[in-house]
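Could you walk me through this structure in my viewer, one selection at a time? I would like to know what to pick next and what I will find there.

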Amino acid sequence: MRLIQLSRESLNFPPPEMALREPNGLLAMGGDLSPARLLNAYHRGIFPWFSHGDPILWWSPDPRAVLFPEQFHLSRSMKRFHRRSPYRVTLNQAFYAVIEGCASERDEGTWITPEVKRAWLKLYEMGHAQSIEVWQEDELVGGMYGMALGQIFCGESMFSRCENASKTALLVFSQHFSQCGGKLIDCQVLNSHTASLGAEEIPRVAWLAWLNALAQQPVSDQCWQVQQLF
């Protein structure tokens, strides 16, 4: 099966089922990172991921990593830490600082290029992208960002500069999102960090069914308002 080359003149994507098995989920290349294309992609279970200097690559892996908020795994050590947490957690107060943190904390290099940053900042300004910030006093020590799709939150990246900062971000956000009617957090590809927090793999067909069922369902009005969560 050949890799599809996208046109800048069309926002269309091939069906996710056409993605390659090796590398797992690679679906298409090219196009651009315009807000319209990104929104179209995420509503179809597709996301971009590519290295600096490479063409834009679009993915829809099978299986898909997801986290059901009510199934967040809170270990005993994390529960003790959180009970005496030195952090406060906010929502949508420092989006650009969070994406900069996610880019800078990657020792092996980052896919969060200046082009990617600009694209996500546009999405944030349009109200489609969100950030969760973890502060120790007035210093940003961790956080995460992603895209809100109805009762689904598509997590893009997280970072941590201090002990348990990214775990705190996901824990507090999961509780808030669930209380506001959120049902599912997309983690894209499972790794040891997200697996330890309760993320699991489901077949792509199941992920697409969840996406179709929940992406148009609303959460409460206060869900994405600028606020302190913890």
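Start by selecting Arg88: with a relative accessible area of 27%, this residue is partly exposed, because it falls between the under 20% that counts as buried and the over 50% that counts as exposed. Keep in mind as you click around that this is a predicted model. Now add Asp138 to the selection. Arg88 and Asp138 form a salt bridge, with their closest N and O atoms 3.8 Å apart. The two come from distant parts of the chain, 50 residues apart: Arg88 is in strand E6 (residues 88–91), and Asp138 is in the loop between strand E7 (129–136) and E8. Unlike its partner, Asp138 is exposed, at a relative accessible area of 68%.

**More salt bridges**

How many salt bridges does a search of the whole structure find? There are four, so let's visit two more.

Select Arg37 and Asp32. Their side chains meet in a salt bridge at 2.7 Å, N to O. Arg37 is buried, with a relative accessible area of 0%, and Asp32 also counts as buried, at 14%.

Next, select Arg64 and Asp186, whose closest N and O atoms are 2.9 Å apart in another salt bridge. Arg64 lies in strand E5 (residues 64–67) and Asp186 in strand E10, so this pair ties together parts that are 122 residues apart in sequence. Arg64 and Asp186 are both buried.

**A stop at Gln188**

Stay in strand E10 and pick Gln188. Is this residue buried or exposed? At 10% relative accessibility, Gln188 counts as buried. To see what surrounds it, show its contacts, leaving aside neighbours within four places in sequence: they are Tyr42, Phe47, Pro61, Arg64, Ala65, Gly155 and Glu156. You have already met Arg64, as the salt-bridge partner of Asp186.

**The eight-stranded sheet**

Switch to a cartoon view and colour the strands. You are looking for an open sheet of eight strands, in the order E11-E5-E10-E9-E8-E7-E6-E12, with mixed pairing. Its edge strands are E11 (200–202) and E12 (227–228), each of which pairs on one side only.

Now go through some of the pairings:

- Select E5 and E10: they pair in the antiparallel sense over three bridges, and Leu67 stands opposite Ile185 in E10.
- Select E9 (residues 152–160) and E10 (residues 184–188): three bridges join them in the parallel sense. Here Phe153 is opposite Ile185.
- Select E8 (residues 139–149) and E9: eight bridges join this antiparallel pair, and Ala148 faces Phe153 as its opposite residue.

Zoom in on the turn of the hairpin made by E8 and E9. Two residues lie between the strands, and Gly150 takes a positive phi near 60 degrees.

While E9 is on screen, colour it by accessibility. Eight of the nine residues of E9 are buried, leaving the strand mostly covered. Then add helix H5 (residues 165–179): E9, H5 and E10 make a right-handed β-α-β unit.

If you show side chains along a strand, here is a general point to look for. In a regular strand, side chains alternate between the two faces of the sheet.

**Strand E2 and its partners**

Move to strand E2 (residues 26–30). Four of its five residues are buried, so E2 is largely enclosed by the rest of the structure. Which strands can you add beside it? One is E1 (residues 4–6), which runs parallel to E2 and is joined to it by three bridges; Gln5 has Met29 as its bridge partner in E2. Another is E4 (residues 57–59), joined to E2 by three bridges in the antiparallel sense, with Leu26 opposite Trp59 in E4.

**Two nonpolar cores**

Finish with the nonpolar cores, shown as spheres. The largest has 50 residues, and Tyr42, Trp58, Trp120 and Tyr145 touch the most other members. Helix H3 (residues 95–104) supplies the largest share of this core, five residues. Then select Phe72, Ala148, Val172 and Leu197, which are among the members of a second, separate core of 31 residues. Ala148 is a return visit: you saw this residue opposite Phe153 in E9.

Technical notes: Residues numbered from 1 in each chain as written. Predicted model: local features only at pLDDT ≥ 70, side-chain atom pairs only at ≥ 80, totals over all residues. Heavy atoms only, no water. Core = buried A, V, L, I, M, F, W, Y, C linked by side-chain atoms within 4.5 Å. Buried < 20%, exposed > 50% of the residue type's maximum accessible area, 1.4 Å probe, protein only. Pairing = 2+ DSSP bridges. Right-handed = clockwise from strand over helix to strand, strands pointing away. Contact = heavy atoms within 4.5 Å.
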